[in-house]
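Hi,

Here's the model I said I'd pass along. Have a look at it first, and my notes follow underneath.

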Amino acid sequence: MADTDTGVQPKRTGLTRTQKRRISRGAQYAVLVAAVIAFAVSADWGRLQNQFAQPAIAKQLFPELITVALKNTVLYTLSGFVVGLALGMVIALMRLSSVGPYRWLAGIYIEIFRGLPALLIFIFVGVGVPLAFPDVQYPGGTYGKVAVALGLVSAAYMAETIRAGIQAVPKGQTEAARSLGFSPARAMVSIVLPQAFRIILPPLTNELVLLFKDSSLVLFLGVTLEQRELSKFGNDLASQTANSTPILVAGLCYLLITIPLSLVVRRMEAKSLREIR
Amino acid sequence: MSRPEISVRDLHKSFGDNQVLRGIDLEIGQGEVVCVIGPSGSGKSTLLRCVNLLEEPTKGQVFVGGTEVTDPDVDIDAVRRRIGMVFQQFNLFPHLSVTENLTLPQRRVLKRDKAQAARIAAENLARVGLAEKADAYPASLSGGQQQRVAIARALAMGPEVMLFDEPTSALDPELVGDVLAVMRGLAREGMTMMVVTHEMTFAREVADRVVFMDGGVIVEDGRPDQVIGAPRHERTRHFLSRLLDPAMAEVEEDVPDQGGTGRP
């Protein structure tokens with residue numbers, strides 16, 4: 001009689017959801033800890049330290065590590081970023097133009113420079129252009145060359161980012177500006193671009209992080225001692241000392257810059273999420 | 001009626017195959033307030049947007065203050081300075097404070113100096129009752145306040161004509177009154193106004209004329225008490241009965257060209 005009772009609960013089979021979740025998570029942690037332990041035990045720390053972390057050699061790197069290498073990395077990156085931003089802006093506006101040939105040219109530029117490895121562009125700028133135009137000098141010598149090469153690479157990415165930002169500004173903003181008597185160009189500069197840049201600040205900062213790493217390609221342009229940046233500097237001193245400590249130290253210098261930048265981006269993204277209008 | 005401030009002649013507008021305006025003739029005199037009413041898709045907003053050329057007409061002419069807006073050689077930016085426009089979605093500039101929303105256009109477009117622009121901005125904010133919000137940003141304002149700032153922004157340019165594109169349609173019902181009060185005040189001061197709206201009370205009390213549009217043509221044009229009070233056309237009666245008493249409306253079949261949506 002009890003079997004036909006409608007109040008009977010379905011019989012519980014196996015584990016509850018909480019139990020299952022606890023077991024699955026426990027298994028994941030166990031695997032993780034096992035992997036770390038296996039790595040730590042099997043690596044030969046003594047030899048690693050000997051090759052990569054010798055305090056005496058690290059000390060020799062100063063002060064040139066900061067006054068030359070880090071300074072140049074920052075200089076190359078920022079100059080490349082400025083060139084890329086200016087060029088990217090022009091290309092983004094061409095991409096959005098009502099004039100067909102402008103749109104096509106911009107599209108071709110973006111596809112080519114996004115599709116080629118940065119290294120090839122560095123070789124093209126450093127070797128190809130001086131061969132083709134022997135009388136043309138890059139302003140600022142190597143610094144100008146690097147700014148152009150990094151600018152050409154980053155402009156393609158930034159153009160797409162800027163275009164997306166401009167298109168994310170509601171059409172009503174342009175209409176309001178135009179109805180007040182703004183010319184199309186002035187509406188773009190005074191009303192649309194300031195809002196677009198607010199939107200694309202996080203992706204632009206990410207682009208800056210990428211450029212920091214790409215600046216290491218300077219090493220293929222042939223630079224003097226004073227023009228060396230972190231990677232070249234680390235690499236050169238590693239050969240001189242027959243030890244890899246300089247490379248580890250140079251790597252830490254990159255992280256010193258890129259990690260805070262990433263944190264800034266994350267904070268900006270969180271902020272813009274909160275400010276959704 | 002004195003010389004027409006706005007004059008529309010045989011205006012046509014198509015979006016692809018979709019004929020939205022099919023021959024509009026309309027004159028609005030100086031200081032006149034004209035409300036344009038009609039079902040959605042009837043072309044009333046498109047007509048308004050053709051007056052300051054936010055939409056380019058397919059055919060026909062538009063004159064504002066004696067200047068042909070539709071002339072291909074006209075300095076459209078100069079014409080638009082004389083035509084204020086208020087949008088359904090306010091379209092305030094979110095990256096600028098309320099005062100900057102009013103001063104930036106004056107400075108960039110009219111080349112007024114900083115002090116003059118600030119003075120005119122303050123005057124117009126006071127005019128719409130928002131002097132105390134001068135330093136706020138649009139996002140912190142209610143819809144009704146944003147719309148009043150948008151009206152003040154247009155007025156700060158010293159327009160001769162004001163166009164309103166459903167200025168209260170995006171507002172919560174309790175915020176509509178403040179915006180309408182500002183518009184009523186403007187009408188009293190003698191501003192020439194063309195208002196696309198669903199606010200029948202406003203149309204009845206403030207408008208000098210009411211124009212009923214349907215299917216891309218003007219069906220009825222006359223004094224508010226005629227068009228709203230005693231409409232002559234069945235289409236007008238039908239629209240008004242659905243608008244004034246939506247709970248009583250019957251489900252309709254979509255019959256093309258029959259007081260419907262204005263789509264072909």
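The largest nonpolar core (buried Ala, Val, Leu, Ile, Met, Phe, Trp, Tyr and Cys joined through side-chain atoms within 4.5 Å, where buried is under 20% relative accessible area with a 1.4 Å probe, protein chains only) has 54 residues, and Leu65(A), Ile91(A), Tyr109(A), Phe122(A) and Leu230(A) touch the most other members. H7(A) is the top contributor, with 11 residues (helices are DSSP H or I runs of at least four residues, numbered from the N terminus). Tyr109(A) touches Leu87(A), Ile91(A), Leu152(A), Ala155(A) and Ala156(A), leaving aside residues up to four places away in sequence; a contact is heavy atoms within 4.5 Å. Another core, of 46 residues, lies apart and includes Cys35(B) and Met191(B).

By the way, this is a predicted model: local features need pLDDT of at least 70 and side-chain atom pairs pLDDT 80 or more, while totals for chains, interfaces and linings use all residues. Residues are numbered from 1 along each chain as written, chains are lettered from A and ligands numbered from 1 in written order, and side-chain values use heavy atoms, without hydrogens or water.

On to the interface: 22 residues of chain B are in contact with 19 of chain A. About 1,800 Å² is buried between the two chains, 60% of it from carbon and sulfur atoms (accessible area lost on being put together, 1.4 Å probe, summed over both parts). There are two salt bridges between them (Lys or Arg side-chain nitrogen within 4 Å of an Asp or Glu carboxyl oxygen). Glu175(A) and Arg49(B) form a salt bridge at 2.6 Å, N to O.

Cheers

Definitions and conventions
Buried means under 20% relative accessible area, exposed over 50%, partly exposed in between (1.4 Å probe, protein chains only). Helices (H or I, at least four residues) and strands (E, at least two) are DSSP runs, numbered from the N terminus.
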